[in-house]
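Biologist: I have a new model open on my screen and would like to learn how to read it. Could you walk me through it, one feature at a time?

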Amino acid sequence: DLRRPSLREHAATLCERADAFDPPDRELLLAYFGAGRNAVQLAQLTGRTPRWVRSHLRRLAARALDPAFLYVARADAGWTPTRRAVGRACFISGLSLRAAARSLHLSLHTVRRNRLAILALVEAARPSPATRRNAGAAA
């Protein structure tokens with residue numbers, strides 16, 4: 001789709017947001033988008049296939065460009081420990097609800113409830129369409 005910017009156009013943004021990821025994912029993102037290594041080189045370093053590296057990079061990039069990722073990475077300081085853990089597991093690490101519940105030793109209901117609360121906070125923090133229109137007209 002030619003209307004969508006390519007991942008290369010988001011390289012600077014992805015490098016900035018890479019700090020929120022766990023070390024292996026952070027290093028992979030920085031090596032690809034920051035240092036300019038290709039998938040074949042990274043596959044040799046990681047012991048994976050180039051196809052896996054490209055697929056994993058696409059998933060990491062999509063997650064890092066999601067507004068919820070940025071919100072969780074920046075705004076989790078005042079949250080309860082449970083909400084912070086659920087936010088990191090679901091939005092930063094990309095775990096499913098069930099996987100997050102298992103790894104955090106929480107019920108699926110607790111993880112779902114906290115994830116929905118975070119999504120509501122993200123939505124409330126987004127400017128309304130009228131505000132975006134007015135900001136565009138003022139510029």
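Modeller: Happily! Start with the order of elements along the sequence, which here runs α-α-α-α-α-α-α-α-α. Do keep in mind that this is a predicted model.

Biologist: How many helices and how many strands are there in the protein?

Modeller: The count is 9 helices and 0 strands.

Biologist: What share of the 139 residues is buried?

Modeller: Buried residues account for 29% of them. You can also ask how contacts spread along the sequence. Taking contacts between residues at least 6 apart in sequence, 50% link residues that are at least 24 apart.

Biologist: Let me try a single helix. Which residues of helix H3 are buried?

Modeller: Helix H3 spans residues 39-46, and its buried residues are Ala 39, Leu 42 and Ala 43. Now look down the helix axis: these buried residues lie within an arc of 105 degrees, so they line one face of H3.

Biologist: Which exposed residues sit on the face of H3 turned away from that buried side?

Modeller: Those are Gln 44 and Leu 45.

Biologist: And what do the buried residues of H3 pack against?

Modeller: They pack against two helices, H2 (23-34) and H4 (50-64).

Biologist: How should I read the ends of a helix? Which residue caps the N-terminal end of H3?

Modeller: For a cap, look for a side-chain atom paired with the backbone. Here Asn 38 does the capping, with a side-chain oxygen 3.1 Å from the backbone nitrogen of Val 40. After H3 comes Gly 47, which has a positive phi, near 80 degrees.

Biologist: You mentioned Val 40. Where does it lie, and how accessible is it?

Modeller: Val 40 is in helix H3. Its relative accessibility is 42%, so Val 40 counts as partly exposed. In space, its C-alpha atom is 8.2 Å from that of Val 53, a residue 13 positions away along the chain.

Biologist: Histidines always catch my eye. Is His 56 buried or exposed?

Modeller: The cut-off for buried is under 20% relative accessible area. His 56, in helix H4, has 11% and is therefore buried. Leaving aside residues up to four places away in sequence, His 56 touches Asp 25 and Leu 28. With Asp 25 there is a polar contact between the side chains, at 2.9 Å.

Biologist: What about His 105: where is it found?

Modeller: His 105 is in the loop between helix H7 (97-104) and H8. With 72% relative accessibility, His 105 counts as exposed. Its backbone deserves a look too. As a general rule, most residues other than glycine have a negative phi. His 105, however, has a positive phi, near 55 degrees.

Biologist: Now for a pair of helices. How do the axes of H6 and H8 cross?

Modeller: For such a pair, read the separation of the axes and then the angle. Helix H6 (residues 81-92) and helix H8 (residues 108-125) have axes that come within 9 Å and cross at roughly 80 degrees. That angle makes H6 roughly perpendicular to H8.

Biologist: Which residues meet there?

Modeller: From H6 they are Thr 82, Arg 83, Val 86, Gly 87, Cys 90 and Phe 91, and from H8 they are Thr 110, Val 111, Asn 114, Arg 115, Ala 117, Ile 118 and Leu 119. Sorted by class, this contact of H6 with H8 has 7 nonpolar, 4 polar and 2 charged residues.

Biologist: Could we zoom in on two of the H8 residues? Is Thr 110 buried or exposed?

Modeller: Thr 110 counts as buried, at 17% relative accessibility. Its side chain makes a polar contact of 2.8 Å with the side chain of Ser 107. Thr 110 and Arg 83 are 27 residues apart in sequence, with a C-alpha to C-alpha distance of 9.2 Å.

Biologist: And which residues does Asn 114 touch, not counting those up to four places away in sequence?

Modeller: Asn 114 touches Thr 82, Arg 83 and Val 86. Asn 114 belongs to helix H8 and is buried, with a relative accessible area of 5%. Its C-alpha atom lies 9.6 Å from that of Ala 85, which is 29 residues away along the chain.

Methods:
Residues numbered from 1 in each chain as written. Predicted model: local features only at pLDDT ≥ 70, side-chain atom pairs only at ≥ 80, totals over all residues. Heavy atoms only, no water. Buried < 20%, exposed > 50% of the residue type's maximum accessible area, 1.4 Å probe, protein only. Helix = DSSP H or I, 4+ residues; strand = E, 2+ residues; numbered from the N terminus. Arc of directions from axis to C-beta. Contact = heavy atoms within 4.5 Å. Polar contact = N/O pair within 3.5 Å; in protein donor to acceptor, adjacent residues only side chain to side chain. Axes fitted to C-alpha atoms, helices over the stretch in contact; angles between N-to-C directions. Parallel < 35°, antiparallel > 145°, perpendicular 65-115°, else oblique. Nonpolar A, V, L, I, M, F, W, Y, C, P; charged D, E, K, R; others polar.
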